[in-house]
Structures are given as C-alpha cells and as structure tokens.
Amino acid sequence: LCGALKKHHIAHVGVMQARAPFRISRTDPSGTYMMACQQGEGLVMVDGKWETLGAGQACLLPPFVKNSFRCIAGKTWSFSWVRYLESRERSPIISANTPVLGDYDHAMLTHAILGLHAECSRENTIAMTEQWSQLIHAYVMQFAQPHHYDERLVGLWAAVQKDLARQWTLFDFANIAYVSDEHLRRLCQKHLGRSPMQHLTFLRMQQARQLLRDTQDKVETIAHAVGYESAFAFSNTFTKWVGWRPSEHRR
C-alpha cells in the first residue's frame with residue numbers, strides 16, 4: 001500500500017509465492033488486474049475458461065468482470081501482481097489491442113515492486129516512491145499497449161469495433177487484414193492470446209457492459225447492437241465471459 005500509487009489509479013501491488021489450496025475469486029473486481037509469472041505455473045480464468053499461466057508469461061484481466069485464479073496441486077506458483085482501481089465512468093487501461101495472455105519478462109516489474117516495498121519500509125522520500133510507482137505503471141503499460149503491435153491488427157479491430165452488430169466471419173477479418181485465415185489466427189494468438197473470433201466476443205462483451213451501464217435499452221436491444229440475433233444466446237455468452245447475467249450486471 002502506497003499513496004504514490006494512487007496517481008496511476010493503482011490500489012495494490014505485490015509479489016507472491018503460493019501453493020494449493022490457494023485460490024482467489026472476485027465477482028466484481030474494481031479495476032484491471034495484471035499477473036506476471038516468475039516461476040511454476042497456476043490457473044487463471046480467462047474469457048470464461050481456465051488457462052495455464054506459467055513462467056515467462058503474463059495476463060491482464062479487465063475490470064468489473066469476474067476473475068479467478070488458483071494453484072495447481074503439488075506446484076509452487078510465484079508471480080508479481082498489480083491491481084488497478086478504476087471507476088465505471090473512466091476508460092480502463094485495456095483496449096482493443098491489449099493481449100489477455102502473452103509472453104512477458106517479469107524481472108523489471110518484480111524489481112520495481114520490490115524497490116517500492118524497500119523504500120516504503122524505511123524513512124522514504126516522496127520523490128523515490130513516486131519514481132518506483134511510475135516504473136510499475138510503465139511496465140504494466142508495456143504489456144497493455146505494446147509498441148511492436150502488428151499494424152494489420154490495429155486496422156482490423158478498429159474497423160470491427162465500429163460495427164459490432166455485423167455478422168462477422170473469419171474470412172471478413174482476413175480480407176481486412178490482407179492475410180490468410182491461418183496467418184490471422186497465428187497473429188492474434190501471438191499478440192492477443194486469443195483467436196480472432198474469441199477477440200470479437202471480447203469486444204462485444206466490453207461494448208455490452210458499457211451499454212448496460214449507460215443506457216436503459218432492453219437486453220434484447222443490446223444483444224442486437226453487439227451482433228446477437230438471440231437475446232438468450234447473448235445472455236449465456238455474457239454470463240460466461242463476465243460472470244453475471246446482463247440484468248444482474250446492470251443492477
């Protein structure tokens with residue numbers, strides 16, 4: 001805990017070593033959550049299903065969407081983490097180009113967290129704690145908004161986000177990005193940790209969350225606005241990805 005972190009809308013940071021039966025589940029997390037694995041491996045709930053997070057990887061989970069993670073029996077799991085505190089009215093650090101799961105060298109983030117901890121454990125200066133806090137935020141943003149991101153994907157998802165109601169196909173995506181279907185799958189897996197169709201669902205669920213928050217539109221109307229002909233299918237997908245039914249999320 002450190003006041004300097006608040007300037008970057010960060011609630012807590014930490015370095016943890018855990019073993020089974022350690023498990024955390026948050027039904028309505030108040031901010032983006034990043035985990036960067038140092039050693040071992042554990043399981044993280046990503047897009048409604050369990051994924052393995054191992055050494056040399058990181059994941060970035062969106063705010064106000066149920067997230068869970070747990071240890072695997074017999075395995076030690078070491079990771080660094082940063083939890084943001086974001087209002088529902090403020091745009092989160094996660095964007096259409098943010099990877100949910102990907103390769104990441106944890107070392108700089110871990111050292112920055114440990115440096116902040118050491119500074120706060122003695123008579124610290126405000127200038128030093130602010131510098132450590134700024135570094136922590138910068139290392140998270142390196143993962144959240146990578147500079148090496150493929151421009152073909154930037155153009156693709158910008159076009160898709162403008163028309164989420166369209167019945168998109170993988171063929172449509174490949175045409176916009178000027179690549180083959182298979183190459184597009186590889187690009188998305190490398191840069192986003194998702195398949196193209198999974199990322200389309202992610203964008204639709206993000207837009208649906210915003211419409212549920214900001215409008216009084218019926219669930220059926222919102223379902224159509226984000227590309228679902230059936231309100232039932234939309235509700236089931238929303239519940240799987242977000243952790244709440246649309247009506248519960250609105251409340």
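Glu119 is tucked away in this predicted model: its relative accessibility is just 5%, so it counts as buried, the cut-off being under 20%. Its salt-bridge partner is Arg122, and the closest N and O atoms of the two lie 2.9 Å apart. What about Arg122 itself, buried or exposed? Arg122 is exposed, with a relative accessible area of 52%. That puts Arg122 past the mark for exposed, because the label asks for over 50%. So this salt bridge joins a buried Glu119 to an exposed Arg122.

Now for another pair, Glu182 and Arg185. They also form a salt bridge, with 3.0 Å between the closest N and O atoms. Where do these two sit along the chain? Both belong to helix H5, which covers residues 181–192, and they are three residues apart there, so about one helical turn separates them. Glu182 is partly exposed at 41%, and Arg185 is partly exposed at 37%.

Then there is Lys49, whose side chain meets that of Glu51 in a salt bridge with an N to O distance of 3.6 Å. Lys49 is partly exposed, its relative accessible area being 32%. Glu51 is partly exposed too, at 26% relative accessibility.

Here are the three pairs side by side:

| Salt bridge | N to O distance |
|---|---|
| Lys49 and Glu51 | 3.6 Å |
| Glu119 and Arg122 | 2.9 Å |
| Glu182 and Arg185 | 3.0 Å |

How many salt bridges does the count give? It comes to eight, and the pairs in the table are among them.

Definitions and conventions
Residues are numbered from 1 along each chain as its sequence is written. This is a predicted model: local features need pLDDT of at least 70, side-chain atom pairs count only at pLDDT 80 or more; totals for chains, interfaces and linings use all residues. Side-chain values use heavy atoms; hydrogens and water are left out. A salt bridge is a side-chain nitrogen of Lys or Arg within 4 Å of a carboxyl oxygen of Asp or Glu. Buried means under 20% relative accessible area, exposed over 50%, partly exposed in between (1.4 Å probe, protein chains only). Helices (H or I, at least four residues) and strands (E, at least two) are DSSP runs, numbered from the N terminus.
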